[in-house]
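Here are a few notes to read alongside the model. Keep the viewer open and follow the points in order.

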Amino acid sequence: MSKIIPIGPYHPLQEEPELFKLYCEGEIVKDIKWETGYNHRGIEKLSESKTFDQVFFLVERVCGICSTSHPFAFANCMEEIADIEITNRTKYIRSIIGELERIHSHLLWLGLAGHFLGYNTVFMWVWKYREPVLDLFEMITGNRNSYAMFKIGGVRRDIPNDKIPAIQEVLDGLKKKLDLLTGAVMDDPVIHARTKGVGVLTREDIIDYAAVGPTARASGVDIDVRRDDPYAAYPLVNWKVITAKEGDVFAKVEVRLLEMYESVSIIEQCLEGLKNEKEGDIEVPIDEIPAGMGTGRAEAPRGEVFHFVRTDGSNFPVRHKIRAPSYVNIATFRKSCIGQTISDATISLAAVDPCYCCTERMAYAYDAVTGKKLLNGSELVKLSQDRTDEIRKKSN
Amino acid sequence: MFHFGGASCNNCDIEILACLTPRFDVERFGMQLVGTIRHADVLLVNGSINQKDKVRLLELYEQAPKPILVVAIGACGCTGGIFAEGNTFAGPVDKIIPVDAYIPGCPPKPEAIIAGIVKLLHK
């Protein structure tokens, strides 16, 4: 008789909070189902009632963690419709914001992954090192999250050249912390034991489920919108797409860690580029948005963000379609979780970066027959943490 | 404290989590996130509430041990914010359950969240 473990419905750290139901026999997950809609706000419909300038503030609030990727894709989309070529300084500033966001998002994920594995020190330390990145955002844009930097044909605020050394200083500090974290993760035998060979997604699975972002790159699928459909300053700087072959949780950690180094390098090159551009040259004038259709893509920390807009020559979009990366990545849970133990399923679910903190709040395991509560969320996390302890003891 | 994230954009949620981490560290005021509403003295609600959330928020409020303090966090929690015109919007938090404190901002800074909750301590 299989037992159902509902996880959720509230995933406050995720674009789309969901209810997951794990169908278990003993400790083995046999099937998984999910249900969305708890976070439905009707953004696409709302967007039709806003002017193009206002839509930026709306799409920024699709997701608070990747709050630049959506305006980024929307700006790419509108610039395609209006056929606008943005200035180089705009390109650099946009890429700097995009990459800083990737760093803060990956750090956030690393912290939470540490928490699920029972490394609360990792959680606390990583979030401590994430704060300087948010300080940078506050210095550049005026807000820790939701930066409101983008507009059609430009950015709203310049990065003055005299602020560049201060940004560089934070990046230098960050690189040392990244070295420390990478060393801690790569050398820890317990983390290896908990994550290697767990939640494996093969190359075929990724292609079948059309997964994107670090989830796909960790399985050897070499896709990255920044390179495949170049936008902003990415063609102007040197960087490489990080991939791994194994497709397990460890590969996903590795890809994200190494991507942060790439991001730091992209930002440094963009800062160099900024020095050669004229200060204040951050927008091009726009007369009117013509009638037409356009698509815009951007690589968010979790994968490809896709926006489609149809305009009719008025001030409002007629149709606005948004596709966020987590939505496709979540489907891979069917491959990564089925057949695993519950304690491994916890980290397998977290590996896709749907941010699993719901388990601290509203997860219960029910006995399917009697409806009796068996486990709650914190106990579920504890199960995962106990397993780490066990391995830790064995290895000592 | 028990945290209920409605139909939000996660910004307030990660700022609430940031409050727990070393720079802000609300545990020094004796505050801790708990796993279930039955252990909570404070219910933090953020995000606009859609029709699907409304039922669950009411259910949670009924399960909560009384007296419980309810804090609406962020522009969406206080008024509905940018999503107030949405087709699934079911009313700001104070139209559904009584609210003791409002912390505006999109998202409010962790300092603002801490200031709001510390004020409640003296209530």
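How much space lies in the second largest cavity?

1. The answer is about 70 Å³. Bear in mind as you look that this is a predicted model. The lining of this second largest cavity includes A:R61 from chain A, along with B:S8, B:C9, B:N11 and B:C12. Also in that lining are B:G47, B:A75, B:C76, B:G105, B:C106 and B:P107. In chain B, α1 and α3 (74-79) each give at least two of the lining residues. Sorted by class, the lining of the second largest cavity has 6 nonpolar, 4 polar and 1 charged residues.

2. Now for the cavities in general. Rolling a probe the size of a water molecule over the atoms shows where empty space is left. With a threshold of 30 Å³ or more, the count here is 4 cavities. The largest cavity holds about 100 Å³ of space.

3. What lines that largest cavity? Look in chain A for A:L110, A:A113, A:G114, A:L117 and A:Y119, then for A:V122, A:V185, A:I191, A:T195 and A:V253. Two helices of chain A, α4 (88-117) and α7 (189-195), each bring at least two residues to the lining. The largest share is from α4(A), with 4 residues. As for character, this lining splits into 8 nonpolar and 2 polar residues, with no charged ones.

4. Next, see how the two chains meet. On the chain A side 47 residues are in contact with 41 residues of chain B. Together the chains bury an area of about 3,500 Å², and carbon and sulfur atoms give 55% of that. The interface also has 5 salt bridges. For a concrete pair to pick out, try A:E138 and B:K109: they form a salt bridge, and their closest N and O atoms are 2.7 Å apart.

5. Last, a single glycine to click on. B:G6 sits in the loop of chain B that runs between β1 (2-5) and α1 (11-20). Is B:G6 buried or exposed? Its relative accessible area is 2%, so B:G6 counts as buried, the cut-off being under 20%. Setting aside its neighbours within four places in sequence, B:G6 touches A:N39 of chain A as well as B:N46, B:S48, B:I49 and B:D53 of chain B. You can also check its C-alpha atom against that of B:G77: the two residues are 71 residues apart along the chain, while those atoms are separated by 8.4 Å.

How values were computed: Residues numbered from 1 in each chain as written. Chains lettered and ligands numbered in written order. Predicted model: local features only at pLDDT ≥ 70, side-chain atom pairs only at ≥ 80, totals over all residues. Heavy atoms only, no water. Buried < 20%, exposed > 50% of the residue type's maximum accessible area, 1.4 Å probe, protein only. Contact = heavy atoms within 4.5 Å. 1 Å grid on protein atoms, 1.4 Å probe; cavity = no way out; pocket = protein on both sides within 12 Å on 5 of 7 lines; lining within 4 Å. Points joined across faces, edges and corners; volume = space filled by probe spheres on them. Nonpolar A, V, L, I, M, F, W, Y, C, P; charged D, E, K, R; others polar. Buried area = accessible area lost by both parts, 1.4 Å probe. Salt bridge = Lys/Arg side-chain N within 4 Å of Asp/Glu carboxyl O.
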